[in-house]
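Work through the exercises below with the sequence and the model side by side. Each task is followed by a solution that goes step by step.

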Amino acid sequence: MKKVKGLIIAALSAVLVLSVSSCVHFSDLNDLEVADYGIADTPWAEKYGNHRAVVDVADADSAVFVRIPWRLKNSPAGKRIIVVEASTGQEISLIRRSGINRFSGDITFKSNQAGQYFVYYMPYTPDPGWAGFKGGYLLPNVSNYFPSAKEIKSGELVKIESRTAHDSFFPMEVCATNREMSQLLAKEKGKDYLVFPEDRLYQVRMKKYLPARWIKDGERLSFSGTASRNEYYPFQIALYPLKRNLKNVTFAYSGLKGPGGASIEPSRFTCFNIEGFDYTGKYFTKIVDVAKHNIQPFWIGIDIPSDAVAGVYSGYVDILIDGEVDRRVDLEITIDSQLLEDRGDSDLWRMARLRWLNSTAGLDDDVMIAPFSKIEYRADGDNIVFGILNRHITIGANGLPLSIMVGGREILSEPVAFKLDGSEKFTFSKAEITSSKAYSVTWKTSYSSSLASYSLTGKLEADGHLDFSIEVVTGKSCLERPSLSYSLTTEASEYLFGLSGGAQRTPAFARFKWSGPRDSFWIGSAWAGIHCELKGAEYTGPLLNLYKPAYPKLWHNNSLGSISVKKSEDSSVVTVTSGLKLLNKDEKKNYEFAFIITPVKDLDWNDHFSNRYYHATPQNEQVVFNNFDPETYFPYMPLDDHLKTGINVLNIHHAQKANPYINYPFATPEKIKETVKEAHSKGLKIKYYYTVRELTNAVYEIWALRSLGDEIFKYGNGGGAPWLREHLEDDYIPAWYSHNGEDLMPDAALTTSGITRWYNYYVEGLRWMVKNYDIDGVYMDDVAFDRTILKRMRRLMQETKPGCMIDLHSNTGFSKGPALQYLEFFPYLDRLWFGESFQYNSFTPAEFLVEASGIPFGVGSNMLNAGGNLWRGLLFGMTSRYPWFTENHISDPRPAWKLLDYIGTKDFSFIPYWDENSFVSTGDDSILASTYISGDKKRIMICFANWGNSVKKVSPEFDFSKLGLNTEDYEISFAEVDGFQKAGEFSGSLSIRPVEGAILFAVKK
């Protein structure tokens, strides 16, 4: 048994690598008529499926009968059987199948010669592509072979093999037969439920069927295992109710007693299924019931101290049913002398990373996050004045903003107010600070009127995020219209984004009812604004269109609520109301909302233009374009010629050999380390695709995560790739699929739930990658979490490796306005890459500025769909990424980079068309111009773009005196832009076609 266990460890450690050496046989269950199980030396052709029986045939040209005891969860009766002669690879056409059920099947076939034959029993059509699995199982054979009984000779079943270790059902999905189950139940007669402790190497997989492994010894009420000092050591206790449902299963721990009085306290035990910490650091418990005839594994972790004395430790775990101790499992844990510096995290088979599910790392608001500084505050009479990066907020007696100043300029023309009635008169008390940390400050205040009493809690964070909760208790029954109102100056309210759709010039008046997946809006200008999020829904993160949460109940008020914007000459008034609502006497209502003051930080244009991204198409993408091979045209590592263009940031997407499995860059550590080392040797910073929303089936802890119900993986109707169908059976939603070639297993991802403890694992995983892989940041693709996780990521990254970067991509179809839904992320992002589905050629300037550029919010952006529009993009400091393939177009920002190199991306000035310092006038509102000026002012680039529907002829005027320069000192000409325009003399006029532009250079003589 010791040898078999060692082989299992080796196989499990290699579960994600298909080149498993040698055929591993497992025979410890042979007395239960379980076949030997093994893994193929070399994976066979995928078209034959993932499972086969190896049969020895003694006679040539004979009818061979074999019974295959496959012991499956589901019968393969509806799938084809294929028999192949091992030595020749020839498929046998004469086959008869009978007695096919989930336990076994009888196969008779005509042999050509003596030797080995392979019987494949779940073949399917592979899908060599990506996105969603498009293959399927082959239909069953029609039995076309009818040998007589005299002709039939028995073949010898040698073993059952899996194509790869990851495909194997052994040992935890090798089902007990009905006869074996009857014998077990007879043996355990009188028990309400059975208890099966299990080692971490044997993750419990099945929900309804007992593995044959459990039949041999029956119920066990003891567990032994071996751990190292400083290791986080998990194991399982599985329960199988026989007679009744088990209600509210919990556990009590004795702790462990070791040699010489050494001990491990009960507080070092936890059960992940029933307790933990959510992603905000809040402790929670869950009630877990176990239904009759269902298997529920409970994962229990022991936090072994680093100073533990080596030796044997004993203790027990009591099983409590509905609060009453019912059974006891004795524990014997041997702690060896080895000290694990990393708690065991580097060895996936140890399962030590399960503790990451309860991580609270990065939540400490006493730790600052760059580039923000400690919040300063002071009393000003009854008010509190806060100072944060480039912004000052004055909080009045009602706890709401009285004044908001950005860059020394006021943006509020009227204070923020919350009322039940427009004529309400208040009695105020003074706002008091209740918590003060470096990164956040909290205050409370109370006030009252003849209608109600109000209790407000407010919180300001150093990034400009303001969170408010107002509890209203009415003194009498009344029909009122609760409302939030504030007014912005005209200069700070040029654009409106959200509510009715995309960004637009703020209208004279607009009123919006609740429609579409929206809970927030932004009103502001390029230099300042306020994002307002209305809270109270169960889920308030991004991807509202994907998760479709209910609206915030109080604000929505059964569709009676509304949001209005009224613009006058001096200001824009915003009113959010729940509409008429009956409030009963002494009834409590809690109205919640949040503001983000924009921009969240200063946009560093030097950094923006100096960091140039290489972002290659995944290598398995089948692109047909000019007859090139995508693997050679889009190498994951930039070629030397690419590097000469200034590329210095490398994003490694998933579905590449350097990162094959989506959102789990832990399966191929050596390949990732090799890639990072190569990138750094070329002077590149390297970031890996790492996000949530979906998670590969290659995740080592998949069965432990499944044991948590729908906490991590969202429940659904199943389907998708064969691996998912064969192993998970049901209660899941298939997501991303990619084939990954023949040398790596396919990636078949699952949809994750909206808010999960996987967020905790995610941030710990990022910290681990930065430390152990030496990566320089992360590339995120449409995530479901909120700003809390971004703060944690930033803290842990700057603690581990200062200078790391975070890059966010969004598909517009998921987020329905990514700049709006992700705005709360922007303080912690280095670059945006929105625009999968953006139609740049039909965007208005308002849409380009607000939805695409990131400028109003303090974050730079790249263009995506079809490579963007060079002319328009340069007006907003935007280029694309090289060489992403999109819409049958290779994104190529190199012509733009060449222009920028001529100006110089250090110490230059960027003056956009809306800036008061713009010195270019076109005389046509549809022709806009932005300017780039070198640090020494010897070279100036003037970029024009046409937003009209026809060819425009303009004669631009240049007032160089605004720059402190003389016009006559400069010579103006057309710039050379590869593939766009030729260099030439400028005669004083421009002719620009729709959606195109022109670029001039003004060079000092």
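**Exercise 1.** In this predicted model, determine which way the residues of strand β47 point, and whether they are buried or exposed.

*Solution.* Begin with the extent of strand β47, which covers residues 649–652. Val-649 and Asn-651 point one way from the strand, while Leu-650 and Ile-652 point the other way. As for burial, the cut-off is under 20% relative accessible area, and all four of these residues, Val-649, Leu-650, Asn-651 and Ile-652, are buried.

**Exercise 2.** Find the strands that pair with β47, and state in which sense they run.

*Solution.* Take strand β46 to start with, which spans residues 613–615 and pairs with β47 in the parallel sense over three bridges. In this pairing His-615 stands opposite Asn-651 of β47. Turn next to strand β48, residues 685–689, which also pairs with β47 in the parallel sense, here over four bridges. Ile-652 of β47 stands opposite Tyr-688 in β48. To finish, follow the chain from β47 to β48: the path goes through helix α8, residues 669–681, and this β-α-β crossover is right-handed.

**Exercise 3.** Describe the surroundings of Asp-318, and explain why Asp-318 counts as buried.

*Solution.* Locate the residue: Asp-318 lies in strand β22, which runs over residues 311–321. Its relative accessibility is 8%, and because buried means under 20%, Asp-318 counts as buried. Now look at what surrounds the residue, leaving aside neighbours within four places in sequence: Asp-318 is in contact with Thr-250, Phe-251 and Ala-252, and also with Val-325, Arg-327 and Arg-328. With Arg-328 there is a polar contact as well, made between the two side chains at 2.7 Å.

**Exercise 4.** Work out the order of the strands in the open sheet that contains β50, and say which strands stand at the edges.

*Solution.* Reading across the sheet, the four strands come in the order β9-β50-β51-β49, and their pairing is antiparallel. The edge strands are β9 (130–131) and β49 (694–695); each has a single partner strand, so one side of each is left without a neighbour in the sheet. At the β9 edge, two bridges join β9 to strand β50, residues 734–738, and the two run antiparallel. Within that pair, Trp-130 stands opposite Ser-738 in β50.

**Exercise 5.** Repeat the analysis for the open sheet that contains β27.

*Solution.* This sheet has five strands in the order β24-β25-β26-β27-β28, with antiparallel pairing. Here β24 (376–380) and β28 (409–410) stand at the edges, and since each has a single partner strand, one side of each is left without a neighbour in the sheet. Strand β27, residues 401–406, is joined to β28 by two bridges, and these strands run antiparallel. Val-406 stands opposite Arg-409 in β28.

**Exercise 6.** How many helices and strands does the protein chain hold, and how compact is the chain?

*Solution.* The count gives 17 helices and 66 strands. The radius of gyration is 33 Å, close to the 30 Å that the globule rule gives for 1005 residues, so the chain is as compact as a globular protein of that length. Its C-alpha atoms fill a box of roughly 105 × 75 × 55 Å along the principal axes. Of the 1005 residues, 60% count as buried. Among contacts with a separation of 6 or more, 73% come from residues 24 or more positions apart. Finally, the accessible surface comes to about 38,300 Å², of which 48% belongs to carbon and sulfur atoms.

Note on methods
Residues numbered from 1 in each chain as written. Predicted model: local features only at pLDDT ≥ 70, side-chain atom pairs only at ≥ 80, totals over all residues. Heavy atoms only, no water. Pairing = 2+ DSSP bridges. Buried < 20%, exposed > 50% of the residue type's maximum accessible area, 1.4 Å probe, protein only. Polar contact = N/O pair within 3.5 Å; in protein donor to acceptor, adjacent residues only side chain to side chain. Contact = heavy atoms within 4.5 Å. Right-handed = clockwise from strand over helix to strand, strands pointing away. Rg over C-alpha atoms; globule rule 2.2 N^0.38 Å. Areas by Shrake-Rupley, 256 points an atom, 1.4 Å probe, with all protein chains shown as cover.
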